[in-house]
Amino acid sequence: MNHQFVIGNPFFTLFSFMIVCFACFTLFSMIGYPPSGSKIVAFSRKFGSSFVFGLGVWAMHVLAIFGSTYPLVLDWTMLYTLLCCMALTYASISVYESAWPGLMRKVLSSLLLAVGSTTLHYLNLLGSPVKSYELDHYLFMVSIIAAFLGALVAFNLYESRGKDGKLISSLILGLSMIIMHTIGMQAMKVEYVNVYTTDSMNDSMMLMSFLLGIATMLIFSFCLSTWMFSRKYSMVDANYKLLVENSLDTIAIIKEGKWQYFNPSGLRMFEADSEHELIGESIYDFLHEKHHEEIRQLLGDEENEDLLRQKPVELDWRTVHGKLLHTELVRTSTSHTGSLAYQVIIRDISERKKNEELLINSEKLYIAGQLAAGIAHEIRNPLTSLKGFLQLIASGRSNNHYYEIMKSELIRIESIVSELLMLSKPQVYQLCYRDVRPIMAESVTLLETQAIMHNIEIRLNMAAEPLYVFGVENQIKQVFINVIKNAIEAMASGGLILITLELAQKARIVIRIQDEGPGIAKEQLSKIGQPFYTTKDRGTGLGLMVTYKIVDNHLGSIKADSIMGKGTTFIIQLPYRKDPEENT
């Protein structure tokens with residue numbers, strides 16, 4: 001059988017190659033954009049690229065028939081084979097854009113694309129009633145392998161070069177489709193039942209030419225639209241890259257647990273001389289071991305995408321030279337070389353962490369100084385008693401009962417001094433299980449004298465059962481002292497401070513500290529906890545800022561409710577933790 005498509009009439013070969021290359025170019029253009037959060041948009045993009053590619057392969061097949069001695073008959077078989085090719089192409093794109101391992105993903109997507117295109121070719125040849133056919137199995141396998149290898153090479157080039165490899169990938173894939181069709185025309189010889197007359201052939205040719213013209217126009221229009229959109233996207237992408245390159249924060253791309261991109265700020269932050277020290281390396285080699293599970297969950301959570309964009313996560317990293325970095329990280333999904341990846345913004349907060357520690361220690365010393373006057377008065381009373389008893393003993397009027405009283409007074413002085421030293425001296429923070437009831441009782445004891453001096457009564461109501469938290473005892477005590485001290489200072493005319501501790505639902509310990517002060521206006525309530533914001537004449541605003549930070553570090557919450565003229569209530573919630581020692 002004389003196939004002019006192969007040995008003559010190069011116009012058909014050139015025109016079909018051009019059409020299928022345009023279809024391939026559109027395919028690579030439409031799979032190269034970041035995945036959208038909308039399922040409808042993602043489906044439309046993949047469906048459009050599948051439709052254009054299937055239409056391009058179908059047009060190439062029609063031109064192959066034009067250039068051969070096979071009859072060209074329009075029937076429903078062509079529609080079925082076109083839909084089959086589109087479905088397999090859609091599956092190929094879905095696999096290529098999935099999170100599967102690289103080699104498996106590219107091999108399977110290339111195989112699906114090859115099967116789709118060869119299916120359209122061979123089933124169309126067998127669409128009309130067939131008397132007999134011969135299939136050269138060797139050439140049949142060669143045609144499938146040619147389509148598969150062409151698709152695999154094209155996908156590899158596109159993934160390695162990105163947008164720069166789109167044109168060469170389209171040419172390679174288009175050439176493989178032409179080779180597959182050329183070999184396929186030689187692999188199958190078909191003898192049809194019906195003998196078509198010149199008139200019937202002309203009618204089919206006219207209708208097929210019309211449909212081919214429409215298909216060609218659709219392919220060219222899709223290709224032109226995607227080219228224009230791609231050009232516009234490239235301009236936006238260039239501006240975006242300019243912002244990324246000049247950003248002071250680290251902007252990086254993570255794919256399959258490895259670094260794929262670093263901006264210059266990131267290289268400086270991680271103390272790398274070149275990107276080769278980081279690109280391709282596992283992120284877990286630089287991340288502190290305690291955050292490994294956290295980052296795995298962070299990079300696998302697609303359901304809370306919007307929340308993860310807004311909420312930074314604190315992580316500790318190590319630089320190339322082993323220096324520890326305290327950072328905040330925000331991540332978002334993106335696309336890298338046609339598949340799912342994650343873009344992360346990392347901000348170095350090491351200096352901020354140091355300043356927060358200094359601020360907390362500074363505030364503790366400030367509070368200790370404020371308490372010094374009240375504590376001195378508190379110590380003076382037992383010292384006066386001790387002095388009197390010593391004078392009685394020196395005069396010979398000794399009594400065993402005196403020794404017990406003197407011992408209790410000395411213990412009281414020792415406890416007050418110990419509490420003051422614990423508050424003022426920097427401590428090594430060690431997380432442990434502690435009952436907040438004795439912590440609150442000790443805080444009230446420290447402030448009791450100051451409250452009495454202001455004609456204030458502190459009433460303490462605590463739950464009968466232990467209320468355990470897992471945290472730093474000194475910091476929790478500092479929270480209680482800050483809030484109670486503010487309540488005392490707010491009640492210039494005296495009154496009552498009511499403190500309640502209880503266990504609420506959902507395993508939360510609720511501490512309410514209610515005063516009878518003048519109250520706080522609504523516009524001021526929203527600013528409480530901000531640095532240097534205070535309602536006092538001579539305050540700094542740092543006390544409540546430190547308080548809010550400590551509560552947040554203990555995974556708790558704090559808020560203030562106030563009624564003007566009646567008072568303010570601070571509500572502190574901390575997670576309840578059952579002490580494991582109680583179960584042993």
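Is arginine 512 buried, partly exposed or exposed? At 32% relative accessibility, arginine 512 counts as partly exposed. That residue is a handy way into this predicted model, and we will come back to its partner below.

## The overall picture

The protein is built from 17 helices and 14 strands. Of its 584 residues, 46% count as buried. The accessible surface comes to about 30300 Å², and 60% of that area belongs to carbon and sulfur atoms. If you look at contacts with a separation of 6 or more, 71% of them are between residues 24 or more positions apart.

## Salt bridges

Side chains of opposite charge can pair when their charged atoms come close. The structure holds 12 salt bridges, and three of them are set out here.

| Acidic residue | Basic residue | Closest N to O distance |
|---|---|---|
| glutamate 159 | lysine 255 | 3.8 Å |
| glutamate 293 | arginine 296 | 3.8 Å |
| glutamate 502 | arginine 512 | 2.7 Å |

Let us begin with the pair that holds our opening residue. Glutamate 502 and arginine 512 form a salt bridge, with the closest N and O atoms 2.7 Å apart. This pair links distant parts of the chain: glutamate 502 belongs to strand S11 (residues 495–504) and arginine 512 to strand S12 (residues 508–514), 10 residues apart. Glutamate 502 has a relative accessibility of 37% and counts as partly exposed, and arginine 512 is also partly exposed, at 32%.

Salt bridges that share partners also join Arg105, Glu159 and Lys255 into one network. Within that network, the side chains of glutamate 159 and lysine 255 meet at 3.8 Å, N to O. Glutamate 159 sits in helix H6 (residues 137–161) and lysine 255 in strand S3 (residues 250–255), so their salt bridge ties together parts that are 96 residues apart in sequence. Glutamate 159 is buried, with a relative accessible area of 12%, and lysine 255 is buried as well, at 7% relative accessibility.

The remaining pair in the table belongs to a single helix. Glutamate 293 and arginine 296 are 3 residues apart in helix H10 (residues 292–298), so about one helical turn separates them. Glutamate 293 is partly exposed at 47% relative accessibility, and arginine 296 is partly exposed at 44%.

## A buried lysine in helix H5

Lysine 106 is found in helix H5 (residues 102–125) and counts as buried, with a relative accessibility of 13%. Which residues does lysine 106 contact, leaving aside its neighbours within four places in sequence? They are Tyr96, Leu152, Asn156 and Glu159. The glutamate in that list is the one that pairs with lysine 255 in a salt bridge. With asparagine 156, the side chain of lysine 106 makes a side-chain polar contact of 2.7 Å. Lysine 106 and asparagine 156 are 50 residues apart in sequence, while their C-alpha atoms are 7.5 Å apart in space.

## Threonine 327 in strand S6

Threonine 327 has its place in strand S6 (residues 324–336) and is buried, with a relative accessible area of 1%. A polar atom of its side chain lies 2.8 Å from the backbone oxygen of leucine 315. The threonine 327 side chain also makes a polar contact with the side chain of tryptophan 317, at 3.1 Å. Beyond its neighbours within four places in sequence, threonine 327 has contacts that include Val313, Glu314, Ile346, Arg347, Asp348 and Ile349.

## The nonpolar cores

In soluble globular proteins, nonpolar side chains tend to be buried together. Here the largest nonpolar core has 41 residues, and those with the most contacts inside it are Met440, Ile484, Ile497, Ile499, Ile511, Ile513 and Ile572. Helix H15 (residues 473–490) gives the most to this core, with 8 residues. Methionine 440, leaving aside its neighbours within four places in sequence, is in contact with Leu460, Phe480, Ile484, Ile499, Leu501, Ile511 and Ile513. A second, separate core of 34 residues includes Cys24, Phe28, Ala147 and Met180.

## Cysteines

How many disulfides are there? The count comes to 0. Take cysteine 84, which is partly exposed at 29% relative accessibility. The closest cysteine sulfur to its own is that of cysteine 85, and at 7.4 Å the two are too far apart for a bond.

How values were computed. Residues numbered from 1 in each chain as written. Predicted model: local features only at pLDDT ≥ 70, side-chain atom pairs only at ≥ 80, totals over all residues. Heavy atoms only, no water. Helix = DSSP H or I, 4+ residues; strand = E, 2+ residues; numbered from the N terminus. Buried < 20%, exposed > 50% of the residue type's maximum accessible area, 1.4 Å probe, protein only. Contact = heavy atoms within 4.5 Å. Areas by Shrake-Rupley, 256 points an atom, 1.4 Å probe, with all protein chains shown as cover. Salt bridge = Lys/Arg side-chain N within 4 Å of Asp/Glu carboxyl O. Disulfide = S-S within 2.5 Å. Core = buried A, V, L, I, M, F, W, Y, C linked by side-chain atoms within 4.5 Å. Polar contact = N/O pair within 3.5 Å; in protein donor to acceptor, adjacent residues only side chain to side chain.
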